[in-house]
Amino acid sequence: MKKNTSLILFVIFTVISFAQELPKKYLNTISKDALKTNLDIVASNEMEGRETGSKGQKKAGDYLISQYKKSGISFPKGATNYYQKVPASFLNAKYKENLPDSENIWAFIEGSEKPDEIIVISAHYDHVGIKNGIVFNGADDDGSGTVAVLEIAKAFQIAKNEGHGPKRSILFLHVTGEEHGLHGSRFYSENPLFPLSNTITDINIDMIGRRDEAHKDSNNYVYLIGSDYLSTDLFNICEAANKNFINLNIDYTFNDRNDPNRFYYRSDHYNFAKNGIPSVFLFNGVHADYHKSTDTPDKIEFDALAKRAQFAFAIAWELANRENRPFVDKDGN
């Protein structure tokens, strides 16, 4: 009996250890060097500040697509290419800013066991363009999130190539028009490629490459916003992913319902959350270069960017492979 018990315990320990080593192996493929290589391009002067619908934004979108193709990551099942076109009529309906047509960029890894259940990993790839002849590069806002999503996708594709692809499907969504009112994510939520009822979570990444004044002595932190607004499960998943793999200091200051900044309502996850989809927003807080021409790649702390991107990957890995989708047990308020 003792031998059988020992054998069972050994098998259980081995299975648990293997389950923990897999995500660690693949999250470690997200490197600060790869993030820097991509961000130096996405947030370069050549992209002209990535204003919504501009030539520079379209060039940035072309670059993202080239990287997805290079990694063997296709556009979503049911789409005809990597673009979800967002018409000018939609972009200008609220504020009449005379924006041209633009596009969301999407890529997709199909799940092996529950392909109809979708996790969205989102970031906006637009910024504010050129003002008075000066390029606003938007390296942190949101070049950092843009390249994080790209590298997270590559990590999942490496896992898939080695026989460890996600059980649920993952949509990697680079949205347009955030700076003008969350337009791209709103367009997707109103014109989803996959039913919102099958969309189990949105992980949104908007500014994760810098530190704010409240954390001037260390960049080993991240603000999490919204993880517990709709789902206790999602909150627990985020906490466990950090504890098991990352060890960032999670700051919930801006998660407070009474926080005057109201960041919960100010990035693209909100267009999923308002539709009852559990959502979490990763954020480093604002800094002196926020929405200024000085938000440039040379000021990005790539060690922090890599660690926060790895955290987002760890959250997504658990969501993609756990038995049940996050249970919605709260009203979002």
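Arg210, Asp289 and Lys299 are joined in a network of salt bridges. The model described here is a predicted one, and it holds 15 salt bridges in total. Side chains of opposite charge can pair when their charged atoms come close.

## Salt bridges

Three further pairs are listed below with their computed distances.

| Pair | Distance, N to O |
|---|---|
| Lys24 and Glu21 | 3.8 Å |
| Lys77 and Glu110 | 3.2 Å |
| Glu117 and Arg168 | 2.6 Å |

The pair Lys24 and Glu21 sits within one element, helix 1, which covers residues 2-27. The two residues are 3 apart, about one turn of the helix. Lys24 counts as partly exposed, at 35% relative accessibility. Glu21 is also classed as partly exposed, with a value of 45%.

The side chains of Lys77 and Glu110 meet in a salt bridge. Lys77 belongs to the loop between helix 3 (55-70) and strand 1, and Glu110 to the loop between strand 2 and strand 3 (114-124), so this salt bridge ties together parts that are 33 residues apart in sequence. Lys77 is exposed, its relative accessible area being 53%. For Glu110 the relative accessible area is 32%, which makes this residue partly exposed.

Glu117 and Arg168 also meet through their side chains in a salt bridge. Because Glu117 lies in strand 3 and Arg168 in strand 6, the pair ties together parts that are 51 residues apart in sequence. Both Glu117 and Arg168 are buried.

## Strand 2 and its partners

How many of the residues of strand 2 are buried? The count is 8 of the 8, so strand 2 is largely enclosed by the rest of the structure. In a regular strand the side chains alternate between the two faces of the sheet. In strand 2, Ser102, Asn104, Trp106 and Phe108 point one way. Glu103, Ile105, Ala107 and Ile109 point the other way, and the residues of both sets are all buried.

Strand 2 has a pairing with strand 1 (residues 83-86), which is antiparallel and runs over 4 bridges. Here Lys85 stands opposite Glu103 of strand 2. Strand 2 also pairs with strand 6 (residues 168-175), again in the antiparallel sense, over 5 bridges. In this pairing Ile109 stands opposite Ile170 of strand 6. Strand 6 is also the element that holds Arg168, the salt-bridge partner of Glu117 in strand 3.

## Backbone features

The peptide bond leading from Asp141 to Asp142 is cis, and its omega is near -10°. Asp142 is part of helix 5, which spans residues 139-161.

Positive phi values occur at two residues other than glycine described here. Lys96 has a phi near 50°. Lys96 is located in the loop that joins helix 4 (88-91) to strand 2 (102-109), and is exposed, with a relative accessible area of 68%. Asn247 has a phi near 65°. The place of Asn247 is the loop between helix 7 (232-246) and strand 9 (249-251).

## Cavity and pocket

Rolling a probe the size of a water molecule over the atoms shows where empty space is left. A search of the whole structure gives 1 cavity of 30 Å³ or more. The space in the largest cavity is about 50 Å³. Which residues line the largest cavity? The lining consists of Tyr229, Phe254, Asp256, Arg257, Asp259, Arg262, Phe263, Tyr264 and Tyr265. By class, 5 of these lining residues are nonpolar and 4 are charged, with no polar residue in the lining.

The second largest pocket has a volume of about 200 Å³. Its lining is made up of 14 residues. Those that lie nearest the centre of the pocket are Asp141, Glu178, Asp206, Arg266 and Tyr290. By class, the lining of the second largest pocket divides into 6 nonpolar, 3 polar and 5 charged residues. Asp141 therefore appears in two descriptions: this residue lies among those nearest the centre of the second largest pocket, and the peptide bond from Asp141 to Asp142 is the cis bond noted above.

Technical notes: Residues are numbered from 1 along each chain as its sequence is written. This is a predicted model: local features need pLDDT of at least 70, side-chain atom pairs count only at pLDDT 80 or more; totals for chains, interfaces and linings use all residues. Side-chain values use heavy atoms; hydrogens and water are left out. Buried means under 20% relative accessible area, exposed over 50%, partly exposed in between (1.4 Å probe, protein chains only). Two strands pair if DSSP finds at least two bridges between them. On a 1 Å grid over the protein atoms alone, a cavity is a set of points where a 1.4 Å probe fits but cannot get out, and a pocket is an open set with protein on both sides within 12 Å along at least five of seven lines; lining residues have an atom within 4 Å of a point. Grid points are joined across faces, edges and corners, and a volume is the space filled by probe spheres set on the points. Ala, Val, Leu, Ile, Met, Phe, Trp, Tyr, Cys and Pro count as nonpolar, Asp, Glu, Lys and Arg as charged, and the others, Gly among them, as polar. A salt bridge is a side-chain nitrogen of Lys or Arg within 4 Å of a carboxyl oxygen of Asp or Glu.
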